[in-house]
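Grab a coffee and open the viewer: here are some short exercises, each with a worked solution. Try each task by yourself before reading on.

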Amino acid sequence: MQRACITGGAGFIGSTLADKLSAAGVEVTVVDDFSTGRREFLSGLLERPGARLVTGDVLDPSVLEDGFAGCDWVFHLQANADVKHGLEHPRKDLEQNTLATSTVLEAMRASGVTRIAFASTGSVYGEPELFPTPEDAPFPVQTSLYAASKLAGEGLIGAYGHGYGFTGLIFRFVSILGERYTHGHVFDFYEALRRDPTRLRVLGDGRQEKSYLYVQDCVSAILTAVAAHDSETSTTHVYNLGTDETVVLDESIAVITARLGVSPRIELTGGRRGWPGDSPLIHLDCSRIRTLDWLEANPFAVREPASLA
């Protein structure tokens with residue numbers, strides 16, 4: 001890889017990936033409209049040779065074609081990730097996830113770029129019956145507009161692989177934590193307790209169970225798969241990215257409150273789900289990515305465990 005473009009490259013995961021690629025000598029172009037991305041995440045990157053920023057909307061083909069010029073790979077990480085409030089603005093997931101992915105693929109075709117790595121989600125499994133959930137698990141009914149829009153993006157990437165010879169790598173993430181983390185229940189709980197350490201409102205019954213992955217390990221897994229499939233054409237591969245462990249929401253609250261040294265009154269709203277579309281349990285089978293010697297053979301690997309806090 002000589003040059004790569006990252007959509008959503010000013011975000012939490014995108015900027016971390018950009019730093020890793022740039023440090024390895026790859027010329028990096030970031031495309032971002034800063035609706036959720038942060039300019040400060042790019043301050044170090046843009047001082048390095050070969051790094052470039054294209055400011056604009058991924059729904060604008062001219063912005064993408066500028067960003068994709070001369071690239072070997074596109075890392076499509078831009079998305080609307082507001083899962084909780086998806087039903088309040090149903091077109092947002094369609095436009096910013098599905099239609100944006102379609103626009104990215106067409107801009108790649110116009111630019112002669114045929115390799116894409118796509119950030120999907122473990123939420124596409126809905127509420128499966130098999131845990132840990134493998135990539136080939138039967139799909140139940142989709143439970144959120146966010147997951148449905150991501151699954152549609154996966155389908156488009158597979159179709160471009162068959163029709164246009166693209167190489168597509170699809171990564172179904174669990175929740176990602178780490179430096180530059182800006183949204184999600186851990187962040188929200190910290191902020192709420194800093195405002196009022198005496199009480200904490202929790203959506204659901206506190207027994208929701210999820211896996212969490214450190215952002216540096218997430219990036220290393222993506223780059224491990226890219227290295228493994230770099231020379232392929234007309235292929236699509238799907239990888240779960242997560243850990244063998246799960247954390248119950250009550251347990252994560254205990255970690256956060258202990259870290260802050262507070263003992264708030266916990267106010268549960270009740271129900272197995274925190275909101276319509278919330279998955280009560282996400283636990284992915286990640287054996288497929290481990291067949292590529294993820295962490296062991298990857299030069300970007302993070303070998304030390306990271307604390308939730």
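**Exercise 1: an unusual peptide bond**

P132 sits in the loop between β5 and α4. Keep in mind that this is a predicted model.

Task: Find out what is unusual about the peptide bond from F131 to P132.

Solution. Start with the background: most peptide bonds are trans. Now check omega for the bond from F131 to P132: omega is near -10 degrees, and the bond is cis.

**Exercise 2: positive phi values**

Task: Look at phi of F34 and say what sign the value has. Then do the same for R180.

Solution. Again, begin with the general rule: most residues other than glycine have a negative phi. Phi of F34 is near 60 degrees, a positive value in a residue that is not glycine. F34 belongs to the loop between β2 and β3. With a relative accessible area of 16%, F34 falls under the 20% cut-off, so F34 counts as buried.

Next comes R180, with a positive phi of about 75 degrees, and R180 is not a glycine either. You'll find R180 in the loop between β7 (175–177) and α5 (185–195). Its relative accessible area is 28%, so R180 is partly exposed. R180 also turns up in a network of salt bridges with D19 and R48.

**Exercise 3: reading the sheet**

Task: Work out the order of the strands in the open sheet of 7 strands, and then say which strands stand at the edges.

Solution. Walk across the sheet and you get β3-β2-β1-β4-β5-β6-β11, with parallel pairing. β3 and β11 (235–241) are at the edges; each has a single partner strand, so one side of each has no neighbour in the sheet. On average, neighbouring strands of this sheet are turned by 15 degrees against each other, direction ignored.

Now add a helix. α4 (residues 145–164) packs on the sheet and touches β5 (115–121), β6 (167–173) and β11. The direction of α4 makes about 160 degrees with that of β5.

Then zoom in on the pairings. β2 (residues 27–32) pairs with β3 in the parallel sense over 4 bridges, and V31 stands opposite V54 in β3. β1 and β2 also run parallel, joined by 5 bridges. There, T7 stands opposite V31 in β2.

Last step: is β1 enclosed or open? In β1 (residues 3–7), 4 of the 5 residues are buried, so the strand is largely enclosed by the rest of the structure.

**Exercise 4: salt bridges across the sequence**

Task: Take the pairs E135 with R288, R199 with E267 and K210 with D278. For each pair, say which parts of the chain are linked.

Solution. For scale, the model has 15 salt bridges.

- E135 and R288: the closest N and O atoms are 3.8 Å apart, within the 4 Å cut-off, so the pair counts as a salt bridge. E135 is in the loop between β5 and α4 and R288 in helix α8 (residues 287–290), 153 residues apart. E135 is buried at 10% relative accessible area, whereas R288 is partly exposed at 33%.
- R199 and E267: the N to O distance is 2.7 Å. R199 lies in β8 (residues 199–202) and E267 in β13 (residues 265–268), so the bridge ties together parts 68 residues apart in sequence. R199 is partly exposed at 34%, and E267 is partly exposed at 22%.
- K210 and D278: the closest N and O atoms are 3.0 Å apart. K210 is in β9 (residues 209–210) and D278 in the loop between β13 and α8, so this pair ties together parts 68 residues apart in sequence. Both K210 and D278 are buried.

**Exercise 5: an acidic residue and a surface patch**

Task: Is D93 buried or exposed? And which residues form a nonpolar patch with L59?

Solution. D93 is found in helix α3 (residues 90–111). Its relative accessibility is 1%, so D93 counts as buried. Leaving out residues up to four places away in sequence, D93 touches N80, G86, T98, L145, Y146 and S149.

Now for the surface: L59, L94 and L99 form a nonpolar patch with about 220 Å² of accessible area together. L59 lies in the loop between β3 (52–55) and α2 (61–68), and L59 is partly exposed at 36% relative accessible area.

How values were computed
Residues numbered from 1 in each chain as written. Predicted model: local features only at pLDDT ≥ 70, side-chain atom pairs only at ≥ 80, totals over all residues. Heavy atoms only, no water. Patch = residues over 30% accessible without salt bridge, like charges linked within 9 Å, V, L, I, M, F, W, Y side chains within 5 Å. Areas by Shrake-Rupley, 256 points an atom, 1.4 Å probe, with all protein chains shown as cover. Salt bridge = Lys/Arg side-chain N within 4 Å of Asp/Glu carboxyl O. Helix = DSSP H or I, 4+ residues; strand = E, 2+ residues; numbered from the N terminus. Buried < 20%, exposed > 50% of the residue type's maximum accessible area, 1.4 Å probe, protein only. Pairing = 2+ DSSP bridges. Axes fitted to C-alpha atoms, helices over the stretch in contact; angles between N-to-C directions. Contact = heavy atoms within 4.5 Å.
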